[in-house]
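Student: I'd like a close look at one part of this model, and then a sense of what surrounds it. Please keep it relaxed, but give me the cut-offs behind the words you use.

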Amino acid sequence: SLSFGPADFEHANGSNVSLNSAALDTPLAMMVIAAHAANKLAFAGPTFDLENSEKVADDCKVARSLGADGKWAIHPNQISIINELFTPTEAEIAWAQKVVDAAGNNNGAFKVDGKMQDEATLKVARRLLDLVKQIRK
């Protein structure tokens, strides 16, 4: 796996992105792309504000939207938030199962709930269902 270290990034670049955490989105996305290209998991770095659960949740949502597979927790009160926001929802699981079921042996595009799906979305659905299997072990 690869993990993004925001403080390490700041040090290496001589920046102070902690003043603007959105400045970390691009380097995090680049790390996620590199990790997934190498068939590795990608983990977002920690949220240093230990007392701000909303900040932890916001950081999780951004990291997940960028493709991160998880996030560091540096305080026990962050763990449940991270686990909740990186665990696929029932709606996501249902969508993924519909995509896999609808694909069957189809090698081309197909429709699920009125939306076009294809090999790429099928891979996303399978990856999500594999994650769910791992979580539920």
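Tutor: What follows is one helix contact taken slowly, then the rest of the chain around it.

A little housekeeping comes before that. This is a predicted model, in which local features need pLDDT of at least 70 and side-chain atom pairs count only at pLDDT 80 or more, while totals for chains, interfaces and linings use all residues. Residues are numbered from 1 along each chain as its sequence is written, and side-chain values use heavy atoms, with hydrogens and water left out.

The part to zoom in on is where helix α5 (residues 90-103) meets helix α6 (residues 119-135): their axes come within 9 Å and cross at roughly 125°. (Helices are DSSP runs of H or I with at least four residues, strands are E runs of at least two, and both are numbered from the N terminus; axes are lines fitted to C-alpha atoms, for helices over the stretch in contact, with angles from 0 to 180 degrees between N-to-C directions.) That angle is why α5 counts as oblique to α6; under 35 degrees would be roughly parallel, over 145 roughly antiparallel, 65 to 115 roughly perpendicular, and oblique covers the rest. The crossing of α5 past α6 is left-handed, meaning that the near helix is turned anticlockwise from the far one by less than a right angle, with clockwise being right-handed.

Now for the side chains. From α5 you get Glu92, Ile93, Trp95, Ala96, Gln97, Val99, Val100 and Ala103, and they meet Thr121, Leu122, Val124, Ala125, Arg126, Leu128, Leu129 and Val132 of α6 (contact means heavy atoms within 4.5 Å). Sorted by class, the α5-α6 contact holds twelve nonpolar, two polar and two charged residues. (Ala, Val, Leu, Ile, Met, Phe, Trp, Tyr, Cys and Pro count as nonpolar, Asp, Glu, Lys and Arg as charged, and the others, Gly among them, as polar.)

Trp95 deserves a stop of its own. This tryptophan sits in α5, and it counts as partly exposed because its relative accessibility is 27%. (Buried means under 20% relative accessible area, exposed over 50%, partly exposed in between, with a 1.4 Å probe and protein chains only.) Leaving aside residues up to four places away in sequence, Trp95 touches Gln117, Thr121, Val124 and Ala125. Its C-alpha is 8.5 Å from that of Val112, 17 residues apart along the chain.

Just upstream is Thr87, in the loop between α4 (76-86) and α5. With a relative accessible area of 31%, Thr87 is partly exposed. Outside the four-place window, its contacts are Arg64, Glu92 and Ile135. By contrast with those contacts, the C-alpha atoms of Thr87 and Asp113 lie 23 Å apart, with their positions 26 residues apart along the chain.

Asp113 has its own quirk: phi is positive, about 50°, although the residue is not a glycine. You'll find Asp113 in the loop between β4 (110-112) and β5 (115-117), and it counts as exposed because its relative accessibility is 56%.

Following the chain back to α4 brings up another helix contact. Helix α3 (residues 53-65) and α4 have axes that come within 9 Å and cross at roughly 30°, so α3 is roughly parallel to α4. Here the crossing is right-handed. Ser53, Val56, Ala57, Cys60, Lys61, Ala63 and Arg64 of α3 make the contact with Gln78, Ile81, Ile82, Leu85 and Phe86 of α4. The class split for this contact is eight nonpolar, two polar and two charged.

Then there's the sheet. Three strands form an open, parallel sheet in the order β1-β2-β3, where pairing calls for at least two DSSP bridges between two strands. β1 (2-3) and β3 (70-71) are the edge strands, each pairing on one side only. Helix α2 (residues 25-37) packs on the sheet, touching β1 and β2, and its direction makes about 160° with that of β2.

Zooming out, the chain has six helices and five strands, and its C-alpha atoms fill a box of roughly 50 × 30 × 25 Å along the principal axes. Of its 137 residues, 31% are buried.
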